[in-house]
Amino acid sequence: MEAGSEPVVSEPAGEGGGGGGGEDQPSASGTGEGGGEGSTAAAAPSRYESQKRRDWTTFLQYLRNHKPPLTLPRCSGAHVIEFLKYLDQFGKTKVHVTGCPHFGHPNPPAPCACPLKQAWGSLDALIGRLRAAYEENGGRPESNPFAARAVRIYLREVKDTQAKARGVPYEKKRKRSTPATATATGNNGRNGGSGGGDGDGDDTGGATTVGHPPPATTTV
């Protein structure tokens, strides 16, 4: 398998830069009427759709470069797992091995020689996009290699391994129920216009967003 250029796995590139400014310039459409409708029809695809197309192109290129070359109908869940392992060479997440003194340490105090791999959240999001792209390009759901049981088991193993190496399980943070703080609001008119002091901190939920992998090297 050729390494080639680094495949784009998880960071959606910015696009759609010029989509919003065309509505107030009707001269762009040749007929002076209905210019606004024409510009909205030619809107740029969403970040998710653009990323899905790039992922699909990367996977097809991987199949072409495979030794021996693979065709999509012959692709199985085992080949998908092989593809995910191939992507590890481009990963930016440090995964401590069992013998590393930092294994299971949430915040390692010093660097180590453990390998960099793709984060579990990035791989999980990638498989979701490729599963959708496979069916959008004519594949049958029952033969979708990205939905194979072996792929789900592999992703679960990656998730558990990285959680143990980091020492913090992958769990969604539950939203805290904020206690009612309206104790003395009835009698004191001075409190009538305030009320923006509580309710901070809930937006930092640590759940991994499947469409957006870690932007920089993380220590797992």
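Helices here are DSSP runs of H or I with at least four residues, numbered from the N terminus. With that in hand, welcome to this predicted model. Let us start with one helix and then visit a few other spots.

**Helix α4 and its surroundings**

Helix α4 covers residues 120–136, which makes 17 residues. At 1.5 Å a residue the helix should span 24 Å, and its end C-alpha atoms lie 25 Å apart, so the two values agree. Just after α4 comes G138, whose phi is positive, near 100°.

Which residues of α4 are buried? They are W120, G121, S122, L123, A125, L126, I127, R129, L130, A133 and Y134. As you look along these residues, it helps to recall that an α-helix has 3.6 residues a turn, so residues three or four places apart point the same way. The cover over the buried residues of α4 includes α2 (47–65), α3 (77–87) and α5 (149–166).

One of these neighbours, α5, packs against α4 at an angle of about 160°, and the two axes are 9 Å apart. Because angles over 145 degrees count as roughly antiparallel, α4 is roughly antiparallel to α5. On the α4 side, W120, L123, D124 and I127 make the contact, while α5 contributes V151, L155, V158, K159 and Q162. The crossing of these two helices, α4 and α5, is left-handed.

**Cysteines without a bond**

How many disulfides does a search of the whole structure find? The search finds zero. A disulfide needs two cysteine sulfur atoms within 2.5 Å, and the table shows how two cysteines fare.

| Cysteine | Closest cysteine sulfur | Sulfur distance | Relative accessible area |
|---|---|---|---|
| C100 | C114 | 3.6 Å | 9%, buried |
| C112 | C114 | 3.7 Å | 22%, partly exposed |

For C100, the 3.6 Å to the sulfur of C114 is too far for a bond. The sulfur of C112 is likewise too far from that of C114, at 3.7 Å.

**A strand residue and a cis bond**

Is K94 buried or exposed? K94 is buried, because its relative accessible area is 15% and buried means under 20%. This lysine is found in strand β1, residues 93–94. K94 also brings us back to C112: the two are 18 residues apart along the chain, and their C-alpha atoms are separated by 9.1 Å.

A last stop is the loop between α2 and α3, where P68 is found. The peptide bond joining K67 and P68 is cis, with omega about -5°.

Terms used:
Residues are numbered from 1 along each chain as its sequence is written. This is a predicted model: local features need pLDDT of at least 70, side-chain atom pairs count only at pLDDT 80 or more; totals for chains, interfaces and linings use all residues. Side-chain values use heavy atoms; hydrogens and water are left out. Buried means under 20% relative accessible area, exposed over 50%, partly exposed in between (1.4 Å probe, protein chains only). The expected span of a helix is 1.5 Å times one less than its number of residues. Contact means heavy atoms within 4.5 Å. Axes are lines fitted to C-alpha atoms, for helices over the stretch in contact, and angles run from 0 to 180 degrees between N-to-C directions. Angles under 35 degrees count as roughly parallel, over 145 as roughly antiparallel, 65 to 115 as roughly perpendicular and the rest as oblique. A crossing is left-handed if the near helix is turned anticlockwise from the far one by less than a right angle, and right-handed if clockwise.
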